[in-house]
Structure formats: C-alpha cells, structure tokens
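Colleague: I'd like to learn how to read a structure like this one. Could you walk me through it?

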Amino acid sequence: MFQNRVAITGMGIVSSIGNTVEENLKSLLKSKNGISPIINFKTRHLHDIKVGEILKTNAQLATFLKLPKDHNYSRTALLGCIAAKQAVAKAKIKDISLHRTGLISSTSVGGMDMTERHFKKFHENKNSSKFISSHYASDSTEKIADQLGITQYITTISTACSSAANAIMLGTRLIKTGQLDRVIVGGTDALSKFTINGFKTLLILSDTDCAPFDADRKGLNLGEAAAYLILESDAIVDEGNKEVLAYVEGYGNANDAFHQTASSDNGEGAYLAMRKALDVANIQPEQIDYINVHGTATPNNDLSEGIAMKRIFGERVPDFSSTKAFTGHALAAAGAIEGVFSILALQNQVMFPNLNFQTSIPELKIIPITKVINKPLKYVLSNSFGFGGNCSTLIFSKGK
Amino acid sequence: MKACFINGVASISAQATFNQSCFLEDVIVHNSKTINAIHPNYKDFINPITGRRMATGVKMGIAASKLALDSAQLACPDAIITGTGMGCIEDSEKFLNSIIENDEQYLTPTSFINSTHNTVAAQIALTLDCKGYNVSYVHGSVSFESALYDAQLLLHENEASNVLVGAVDELGNQFIQDIVISEENQSQAILTPFGEGAHFFTISSSRQDGSYCELKAIQIINIATPDSIQENLKEFLNQNRLLLSDVDVIVLGCNGDEFDCYYHNLQRLLFDTIPQIHYKHLCGEFFTASAFGFWVATNILKKQYIPNSVKLNNVEKSRYKNVLLYNQFKGRQHSFTLLTSC
C-alpha cells in the first residue's frame, strides 16, 4: 500500500571498537575486539567483569563537541551527539531544515551515568543540580536535536535492549507513509554502575570475553555505544542523486509475553518479530543471506533465539554471527550499532566473525561464522531483543 | 490518516476519575507540593501476591488498562503502546540507593528488573498474553503524544485494528523532592502541585456505540517560541482542513510557570471567543499530565458538557465538535492533539 522506499544515506557510530564507521569496519575485519577491564570509573566489580568501553573520558568527548565548561551533558548525550553528527555529515546534509526532518533516538537509562554520581547531593551545588534534568530519557535526544538543528518532530523510545531497532522501525514507517521525508534514527547508552550492578545481580555477566552461541557461554559483556542512521525518502535520494548505503526492507515487532527478563523456551516473540519482518519485506526466509543475531551470550537468550531461528529457517539456518563479542552489549544502542554493521556487511559484501566460539549449543547444533567471509549479500537480517519481552527484527537490503 | 476512534478510556489521577460515572463534578482542591493519585482497590485487578512486588506505576497501569479495555468491551488489543516521562522511578530510586549505600554489594535484582521504562507495557502484555506490537515512549511531556501518534500510524498502515495506548508516571520519593527544590529556585515556578497518574485509551479503526470521539491528528514540535507556536497551530489546523473558527474548545496545559506565556498568547489572540480549559490544577504537573487533559477532552465530546472545575473563561457553546489540545513543558516538548465528536 505504501510505496515509498526508505533509503539509508548516512551513518555514524562510536563504540568500543572505533570512533568512526571506518574504524569500526577495520576492527571487524581484523577480528579485533574492544573488550577489556573498565577504566573510566571505579567499580567494586573491576576484576569480575569485562566491558566494551569507549576509551575516551567525558572531558575529551566534550572538548571534541566544543561544549562550554559548565555543560550538563551526560555521557549518554555526549556519545549520541558525536555519532549523530557523523551520520549527518556522511549523508552530506547541508541544510537540515530543507526537508521535513525528524529525530527518533533511544536509550535505556538516559543520563543515569551522571545521576548515580550526584543523586545524594543534587542540591549541594550547581555542579550537581544541573544534572537533575539530564537524568530524563528525553535529555540526550534533545541535545542531539539541538546539535543538529532539528526543531520539529523528535521523540525517544525505550524498550530495553531492542530500543534502537524500534527507533529505526518507526523512522522507516514515518517515511513510508509520507509523514516525514527524512528521519535520523538510532540510540545511545553509556556504561553506568546502575546497569553493571543490575546485570550482575541477575548473574548474567561473564567474567571473561563473552562467547555468543557457544555451548559453554557464561553470560554477556556490557558495552557502551551510540549509532545513528539517516533514513531518507526516494524523493530526497532522487533529487540529490544521493548515494544509498542500503535500504530498510523489513521490520517486525512482537512481544514474547513470557517473563519480565527471560525469553520463552520456544522463542515465540523472536519468531513473531522475524516472521513479520519477512512479511513486510515480502521475501522468503531462504532469501536472507546473513543474520546479525542478538546473541548476547547469555544461556537463555542464545538458546531461545536459536530455537526461533530454527522455527523460521528450518535446518537451513543462514550464515549468522553475533558481533557482541566485539562491542559488548550496548543495550538500547545495540540495534543501531548492529544496524550499522549489517549495512557495512551489505556495502562490503562481507560477514563478520562471531568471536570466541568453540562448541555448538547441543540443543541447536548450529554453528556461527567464526572468521571474516566474503560472500554476495542481498538481504541481511538483524535481531534485537530486550527485557519486557520486547523483540524486534530489521531486514536491510543492498543499496545502489 | 485513517479514522481512529477512541472507544475506551480510563483515568487514575489525583481526582476521583477512576469511577467512570463521574466527570469532575466534585473536585478535590490540592494545596500540597506533591499529590498522590487516588488509587482504586488494586486487588480487583491484580493478584495480591504479584501486586506486592509491583510499584505504584505498574499497578496504576494494569488497573487503568483493564478499565479502558472493559469500557470498549475489548479483551485483548493488537498492540500496546505506552508513554512515561520518569519511567519506573520508585524502583530506579530503590536500586540506585542500594548501590550507593551498600557500595555495590548485597543487591537483589527485583528493583532493577522493574526499573526499565518498558516495565508497564511489558506487564500489561504479560497480563493479557498480548504478543503484538509493543513499544514505550520516554520523551518527557510528549511521551503520551508519541504513543498516540504511533497508534494512529498503526491503524493507518492496517497493522492493527485495536490499539491500547496509555501513559503512566509515578511520583516516587526522592527524585521528586529534588525536582521540587529546583523548581522553587526558578524565578516564576510551577504553581500547580506535582502529581502522578495513569491514563489508558483504546483506539480503534471502527466506531462503536459507546465511542467517545475520533482522534484526528497529533503533532509534536521540539522547539517553538510563543510567537512561532501560533503559526505552527494555524498550519496544523490547515493540514486538517480546519479554520481557527472551527475549534470549539481549547484545552491548555497551563501550570503557572513563566512558560504559560505560550498559552496566554493563544488564549488572547486566537481563542478568546471559545471555551478555554485547563486541568493541571486538578491532576498536578507530571510528564504525562497531558493524558489527563486528553481524558477530559474525550469526556467533553462524549458528554457534550464542560465541568466548571476546568473552565478558564465563561464562554459556553451549545455543541462541541472540535477540541484542540495544546501542551508544552518549559518551552519545549510542544504538542497539538485534535479530537472530533463522532
């Protein structure tokens, strides 16, 4: 019914494996991970966990953005602004107000990284009280909009670890239905004690490099990252004769409705999300060339996701890998960074390895790609699942 | 976009709104700095054992969603979309305090699990066994409007026939005190108390006997000046093929702070001859307070009656067809919502 095709004309990323798209690609192709002990802040769990941390201080990030000294940017906002500005530059947008442009960002804990430092003393001085308003989940989105000059439609999504995939999905729908001409979509999340301790109490953090889809996986590595895509309508692409990096071809959102934090045994939510995405893309399962799986490396997720994949693809599960052993699990940003990796896969006709894999999960008997492999790719599917049963799938296709 | 009918509504607020037969006839005047919602008996909606672990927002959300579905005689929607400004602040505070006070030791996962912004939508999905589309919006004062806009889009795309849309914010204990202090330090502070509430609506592609009204359009605007908002408003009406004179009621999110100038301009310059309505003095200010305003508007259209407690002027009309809502917070997060009788 809705004919507008949605093109991706720019992307930006900061993650533990690089501060630009090019750096991220280089790390992926060299199988170089970004997992290490945490250094940016002190935590009692220093020796128990490894994380995907961006090795820049807040002061360095603020200097890069040329912020005034008394700014109240949380790390979440700093990372988000840097990645979003890269995306806009890559899409060669000169005057952002020329087309109806929206911004849909996502985050899990917003400015929690600053809240947890100032919570008990917000009113001791101005240096603390300025971080009250940066706590709100909307804060990083508004700061990104200010940096980019977006004055109209902006909003923020928070569906835990599937957030950014839902931002990409909504942006696509708004262009497809002609509501907007261009939408900047993605997510940002900084490491915080709040999330580290939360996942620690759930006993799903690995004390070593995570091993997605491995029989002996011990849990996940948390990460921090931000990534944004520029989605544009056919009309803008044609008018500017713009380079199309890839298209958003399909999307699906479903709820597992099983448990607040655990995935169901039959992967129902994941199954429904993938099924819907294939339907929207109007393609058959066998047309999927590569899957960037959610693959957090927790015992529960990988088994449930694997079962859902087998329900969709039968015994012929396409080539797949989880890139979380490179970046760690960047929560709300995960769907966007893996969106960038899926697009890089299509652009370079290459699949990235699932690091640290040794033995297949006995119940599944499926083996991910473990090294860099070149192959013709037309359709890449990317999964993102989160607490609350929120499951989302995106399908990207090759650009022109 | 395609027609969207509001078929079920529910409100839990600092007024006795949970009783569907009342419409702000007898209101409570609140004078404290923060006001809690008047809570229904949650045992009627939630298993008491499960309920013990649930924070205020989750309980309010489950009860209000059930009432909204019942009022539309709907068992399970095709999609659940929620908005919340502060999210599950009670559990967030609880977990944050344990981390700080116990130096990252002796923590239990329950409050962390329940602290995520999508907890309410997830718990409703679990309660209803609803596996459909499920998203939570967290953009301050346009969190509810973002959810509503998504619901309208889903109906337009034929992806759903019935969508449950809701907004929840709970007061919490600590963070709100910091907000109150920081507000008091402003030159012209918010005069209404800070509040909490849950508002749920069923939005459907087909009209039914008990339909409240039709949702015509929503627009979200990040930044505007008190002058430029007038142009935005005229453009919004124009896109919906309406003239200023077609608007029968204007519902405004006034809270007494310096940013009320945005409302005053519209009241004085564009809408001085029609009924003007405010509501935050009744429900308090919170990020999803505009959903209370939306609840008021849906009731005005269904009942064709404006309660005295919400009137900003003495203008009355014999018939109310088009109701326009406008809300903003601190000069940002502007939204227009247009409802029409059906």
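Colleague: Is Asn292(A) buried or exposed?

Modeller: Here's the general idea: a residue is buried if 20 or more other C-beta atoms lie within 10 Å of its own, exposed if 12 or fewer, and partly exposed in between, with C-beta atoms placed from the backbone. Asn292(A) has 26 C-beta neighbours inside 10 Å, so it counts as buried. Keep in mind that this is a predicted model, where local features need pLDDT of at least 70 and side-chain atom pairs count only at pLDDT 80 or more, while totals for chains, interfaces and linings use all residues. As for the names, residues are numbered from 1 along each chain as its sequence is written, and chains are lettered from A and ligands numbered from 1 in the order in which they are written.

Colleague: Which residues does Asn292(A) touch?

Modeller: Two residues are in contact if their C-beta atoms, placed from the backbone, lie within 7 Å. Leaving out residues up to four places away in sequence, Asn292(A) touches Ser321(A), Thr323(A), Glu338(A), Phe341(A), Ser342(A), Val380(A) and Ser382(A). Here's another way to see the fold: Asn292(A) and Phe320(A) are 28 residues apart along the chain, yet their C-alpha atoms are separated by 5.9 Å.

Colleague: Where does Asn292(A) have its place?

Modeller: Helices (H or I, at least four residues) and strands (E, at least two) are DSSP runs, numbered from the N terminus. Asn292(A) sits in strand 10 of chain A, residues 290–292.

Colleague: How do I read the two sides of a strand?

Modeller: In a regular strand, side chains alternate between the two faces of the sheet. Try strand 6 of chain A: Arg182(A), Ile184(A), Gly186(A) and Thr188(A) point one way, Val183(A), Val185(A), Gly187(A) and Asp189(A) point the other way, and all are buried. With eight of its eight residues (182–189) buried, strand 6 of chain A is largely enclosed by the rest of the structure. You can do the same with strand 5 of chain A, where Ile154(A) and Thr156(A) point one way, Thr155(A) and Ile157(A) the other, and all are buried.

Colleague: Which strands pair with strand 6 of chain A?

Modeller: Two strands pair if DSSP finds at least two bridges between them. Strand 4 of chain A (residues 101–106) pairs with strand 6 of chain A in the parallel sense, over four bridges. Strand 8 of chain A (residues 225–233) runs antiparallel to strand 6 of chain A, and eight bridges join them. Follow Ile184(A) across: it is the bridge partner of Leu103(A), and its own partner in strand 8 of chain A is Ile230(A). Strand 4 of chain A also pairs with strand 5 of chain A, in the parallel sense over four bridges, with Thr155(A) as the bridge partner of Ile104(A).

Colleague: What about the core?

Modeller: A nonpolar core is a set of buried Ala, Val, Leu, Ile, Met, Phe, Trp, Tyr and Cys residues joined through C-beta atoms within 7 Å. The largest one has 245 residues, and Ile8(A), Met11(A), Ala227(A) and Ala333(A) touch the most other members. Beyond four places away in sequence, the residues that Met11(A) touches include Val21(A), Ala87(A), Leu229(A) and Ile230(A).

Colleague: How do I judge a whole chain?

Modeller: Start with the radius of gyration, taken over C-alpha atoms, and compare it with the globule rule, 2.2 Å times the number of residues to the power 0.38. Chain A has 13 helices and 15 strands. Its radius of gyration is 20 Å, close to the 21 Å that the rule gives for 400 residues, so chain A is as compact as a globular protein of that length. Buried residues make up 65% of chain A. Chain B has eleven helices and ten strands, and buried residues are 55% of its 342 residues. For chain B, the radius of gyration is 19 Å, which agrees with a value near 20 Å for a compact globule with 342 residues.

Colleague: How many residues does each chain give to the contact between chain A and chain B?

Modeller: The contact takes 51 residues from chain A and 49 residues from chain B. Among the elements that each supply at least two residues on the chain A side are helix 7 (163–176) and strand 9 (246–255).
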